[in-house]
Amino acid sequence: MSELRPAPFRWDIARREQLGSLVEGEQAPVYDGFEADLAQCAARVIANSAGSDIVFVGRSPEHLYDYLSGIFATVPDAVRLQLLHYSNRWVPPDRLVAEDAGAVRHLFAYFEAEEFDPVSITTRPRPVTLCDLVAGGGTFENLLKLMHRFAGLQGADWNAVQRRLGIVGVTTRGKNSPNAFRWQQHQDWLDLVPDVSIRNVSAPAEFCGFCAGDNPKVTRSFDVTKWASEAARFPLRGENHLKALRLAVRLYDLGNSRDGRDAFARLLTASPEMRKPEMRSLVQALRMAGSG
């Protein structure tokens with residue numbers, strides 16, 4: 001299946017020599033307080049997925065991915081972070097397969113190459129947490145239904161797959177009350193993943209709107225029209241994409257610094273999850289890397 005893979009292109013911001021003069025120039029603007037909101041949200045994502053790898057789904061969480069990639073750049077045996085190019089909030093998998101089975105095959109080949117296919121999930125050293133900004137849960141629903149179908153094609157044990165998965169949804173912060181809306185309480189597909197732990201991380205509305213909105217992103221949206229597209233293999237050099245690239249570099253560098261790691265370690269230390277051994281080990285590793 002690997003020969004089908006239309007690997008979506010994204011600049012590797014950790015390999016600065018590849019970027020050359022692309023990093024010179026205007027960055028995509030952010031709102032006042034964005035970096036503090038980003039660090040707080042990222043710390044909560046890590047605290048709620050400690051001990052697992054994290055797959056950030058789509059473009060909305062790319063700022064979290066870039067910042068955390070910098071945080072863990074020099075941390076030995078750090079969690080594995082992946083940015084999964086995938087956009088499909090509305091179209092049910094049955095319809096996708098009926099109308100464009102070829103595109104779905106390309107998508108599955110891409111997942112396989114990223115070791116995000118069902119068989120690989122069951123054999124990875126760590127469990128996998130899916131993270132995305134959530135409104136109604138449609139992206140998670142359609143992704144997991146596609147993965148269930150993929151498991152059938154691979155002959156993988158779906159129960160073994162779903163037991164290795166977790167979900168962290170970044171949601172807009174609202175009033176904390178017994179009647180507060182919780183997206184996972186309004187889903188009719190959770191029987192597909194009965195053992196999956198779903199946790200939510202609330203963030204300011206401005207942060208969620210900025211990440212999930214139409215602000216410049218490093219890559220194009222990887223929806224069904226792109227899954228089999230040869231054009232997806234090539235970089236975008238439009239000014240908005242380059243501005244987003246420069247912001248991604250800035251966020252990576254913010255994390256990949258002694259001060260950045262020390263500050264992040266302090267955020268984790270303040271979390272209730274610090275009682276867990278894996279969190280204490282992670283904080284210790286961050287502090288050692290930050291002082292190295």
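This passage describes the main pocket, a kinked helix and two unusual backbone angles. The structure is a predicted model.

The largest pocket has a volume of about 620 Å³. Its lining is made up of 31 residues. Nearest the centre of the pocket lie Ser-60, Ser-87, Arg-89, Asp-132 and Thr-139. Several helices and strands contribute to the wall. The strands β3 (128–133) and β4 (165–172) each supply at least two lining residues. The helices α5 (138–154) and α7 (205–212) each do so as well. The lining is mixed in class. It holds 13 nonpolar and 12 polar residues, together with 6 charged ones. A general principle lies behind such a description. Rolling a probe the size of a water molecule over the atoms shows where empty space is left.

Helix α3 (93–113) is not straight. A kink of about 115° is centred on Asp-100. The end-to-end span of α3 reflects a bent path. A straight helix of 21 residues would span 30 Å, at 1.5 Å a residue. The end C-alpha atoms of α3 are only 21 Å apart. Asp-100 itself is partly exposed, with a relative accessible area of 35%. Its C-alpha atom lies 9.9 Å from that of Ala-228. These two residues are 128 residues apart along the chain.

Other residues of α3 are buried. They include Pro-93 and Leu-96, which precede the kink centre at Asp-100. Ala-103, Val-104, His-106 and Leu-107 are also among them. Phe-108, Ala-109, Tyr-110 and Phe-111 complete the buried set. The buried residues of α3 pack against β2 and α5. Helix α5 thus appears twice in this account, because α5 also supplies at least two residues to the lining of the largest pocket. An α-helix has 3.6 residues a turn, so residues three or four places apart point the same way.

Two residues stand out for their backbone angles. Glu-115 follows α3 and has a positive phi, near 55°. Glu-115 is not a glycine. Glu-115 sits in the loop between α3 (93–113) and α4 (118–123). With a relative accessibility of 38%, Glu-115 counts as partly exposed. Asp-77 also has a positive phi of about 55°, although Asp-77 is not a glycine. Asp-77 belongs to the loop between α2 (62–71) and β2 (81–84). Asp-77 is exposed, and its relative accessible area is 69%.

Terms used:
Residues are numbered from 1 along each chain as its sequence is written. This is a predicted model: local features need pLDDT of at least 70, side-chain atom pairs count only at pLDDT 80 or more; totals for chains, interfaces and linings use all residues. Side-chain values use heavy atoms; hydrogens and water are left out. On a 1 Å grid over the protein atoms alone, a cavity is a set of points where a 1.4 Å probe fits but cannot get out, and a pocket is an open set with protein on both sides within 12 Å along at least five of seven lines; lining residues have an atom within 4 Å of a point. Grid points are joined across faces, edges and corners, and a volume is the space filled by probe spheres set on the points. Helices (H or I, at least four residues) and strands (E, at least two) are DSSP runs, numbered from the N terminus. Ala, Val, Leu, Ile, Met, Phe, Trp, Tyr, Cys and Pro count as nonpolar, Asp, Glu, Lys and Arg as charged, and the others, Gly among them, as polar. Buried means under 20% relative accessible area, exposed over 50%, partly exposed in between (1.4 Å probe, protein chains only). The expected span of a helix is 1.5 Å times one less than its number of residues. The bend at a residue is the angle between axes fitted to the seven residues ending there and the seven starting there. Contact means heavy atoms within 4.5 Å.
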